[in-house]
Amino acid sequence: MTVAEVRSPWDRVRGHWSARSWLRMFHVVTGVPLGLLAGLLIVAITALSVIFVWTVAVPVAGALLLFWLVPLLTRLQRLRFAAFLDVEIPPVPRRRLKGNVAMRLLRRTRSASLWRQVAYHLASPLISVVGCAGVIVTWSGALVTGALAVQFWVLGGGWRGVPFALLSAALLVAGPWLAQGVSSLDVIAGEALLGPSVSDQLAERVESLRESRAEVIDAADAERRRIERDLHDGAQQRLVSLAMKLGMARATFGELPLPAKEMIAQAHDEAKQALKELRDLVRGLHPAVLTDEGLDAALSGLAARAALPVRLRVDVPRRVSPTIEAVAFFVVSEALVNVAKHARATTAEVVVAREGDLLRVVVHDDGRGGADPGGGTGLRGLAQRVGSVDGTLKLDSPPGGPTTISVEMPCV
């Protein structure tokens, strides 16, 4: 045992009557008026709503008042815990409710966190009143028995005052312990009923992970756009210059030996092929027209360059987020490449439409069908890319065709 762990009896006495012990007592005492006020208000509002339920307006007004009052009372209780016990009870995360006023009101009345807070405000008066009464009785008993012990000693009662003195000392020691027990019980109830539940914590964690994933996806999309700009402004321009110079050399130096002319011609052809492949790579990463003009223009260019006839219909009155646009372009691009390589189709159709808060992408072809997501990385990669933005991908590809890929993604 170290020196710091050795505590004298005097240290234990001082610790028993430390400032923390007094703060626990103040916590118990201040809980009485706050708990009684909260309980009476909640009971009164509920009773009036039940009595005048036939008026409809009174219950609605009572519910709205409770929705405002309960969080206020909860904040006051959290402040009490933090001020006297140094216990921080985290607030319940607020969830954005959708729908009209009536639907939001109905969902609010079904909120488990609201009724847990109401349960605490109804139980708090009992905990505080019983605890405060116990502390008062203990202190009062200590004072009364102490006074009797002094009286017996003054009057010459001798040993008859000893039991009262011992009882007074025991009650003085029990007072802080009782306050500690009541405050610990109050902390347990407060953390269980005023703080977030396990489901609330999980929902908050899921939301945090969703936001983190969205940030990662946005960062990756921004990096793809940066790479596209660098390739377009750097390597692609140099390849264009190289191809032009080789073409000029090919046309100018006609008197060179045949092997030299063949080498220049071969280098010219390879430079043009490399330029074509680089342009295709740039378009596949993130075409500039997608950022500048949106999905309609980008998909029109994609359909025009496809290896088979493509009917395109885009109905997106308002642009969606850049990340969703990039995923939609990727889906159509990869789907058309797969159709050209594997489907043996003669035509394809692409429909992109915004339906409320969803972007729907449908790619249909008249090929041989039989597409299997587990048979290769192409369709699996599409599903993973769509799933990264909380979208869904459905595949309908019976043997003999046709094949339809349906994708739905949130617009934001």
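How many residues does helix α6 have, and what distance does it reach from its first C-alpha to its last? In this predicted model, helix α6 (residues 162–193) has 32 residues and reaches 46 Å between those two atoms, close to the 46 Å expected at 1.5 Å a residue. The helix nevertheless carries a kink of about 30° at A174, shortly before the proline P176. P176 itself is among the buried residues of α6, which also include S168, G175, A179, V182 and S183. Further along the helix, D186, V187, A189 and G190 are likewise buried.

**Nonpolar cores**

The largest nonpolar core has 34 residues, of which L295, V332, L336, L359, V361 and M409 touch the most other members. At least two residues of this core come from each of α10 (295–304), α11 (322–343), β2 (348–355), β3 (358–365), α12 (377–387) and β5 (403–410). The greatest contribution is that of α11, with 10 residues. The surroundings of L359 illustrate the packing: leaving aside residues up to four places away in sequence, L359 touches L295, V316, V320, I324, A328, V352, A353, R354, V407, E408, M409 and C411. Another core, of 13 residues, lies apart from the largest one and has V28, V32, C132 and V187 among its members. V187 is also one of the buried residues of α6.

**Aromatic pairs**

A pair of aromatic rings is described by the distance of the centres and the angle of the planes. The model holds two aromatic pairs, set out below.

| Pair | Centre to centre | Angle between planes | Arrangement |
|---|---|---|---|
| W22 and W139 | 5.9 Å | 25° | stacked |
| F81 and Y120 | 6.4 Å | 50° | tilted |

W22 belongs to helix α2 (residues 19–51) and W139 to helix α5 (residues 112–154), so their pairing ties together parts that are 117 residues apart in sequence. W22 is partly exposed, at 39% relative accessibility, and W139 is also partly exposed, with a relative accessible area of 22%.

In the tilted pair, F81 lies in helix α3 (residues 57–85) and Y120 in helix α5, so this contact ties together parts that are 39 residues apart in sequence. F81 and Y120 are both buried.

**Charges over rings**

Which residue lies over the face of F81? R80 does, at 5.4 Å from the ring centre. Elsewhere, the charged end of R385 sits over the ring of F330, 4.6 Å from its centre.

Notes: Residues are numbered from 1 along each chain as its sequence is written. This is a predicted model: local features need pLDDT of at least 70, side-chain atom pairs count only at pLDDT 80 or more; totals for chains, interfaces and linings use all residues. Side-chain values use heavy atoms; hydrogens and water are left out. A nonpolar core is a set of buried Ala, Val, Leu, Ile, Met, Phe, Trp, Tyr and Cys residues joined through side-chain atoms within 4.5 Å. Buried means under 20% relative accessible area, exposed over 50%, partly exposed in between (1.4 Å probe, protein chains only). Helices (H or I, at least four residues) and strands (E, at least two) are DSSP runs, numbered from the N terminus. Contact means heavy atoms within 4.5 Å. The expected span of a helix is 1.5 Å times one less than its number of residues. The bend at a residue is the angle between axes fitted to the seven residues ending there and the seven starting there. Rings of Phe, Tyr and Trp (its six-membered ring) pair if their centres lie within 6.5 Å; planes under 30 degrees apart count as stacked, over 60 as edge-to-face and the rest as tilted. A charge sits over a ring if NZ of Lys or CZ of Arg is within 6 Å of the ring centre and within 35 degrees of the ring normal.
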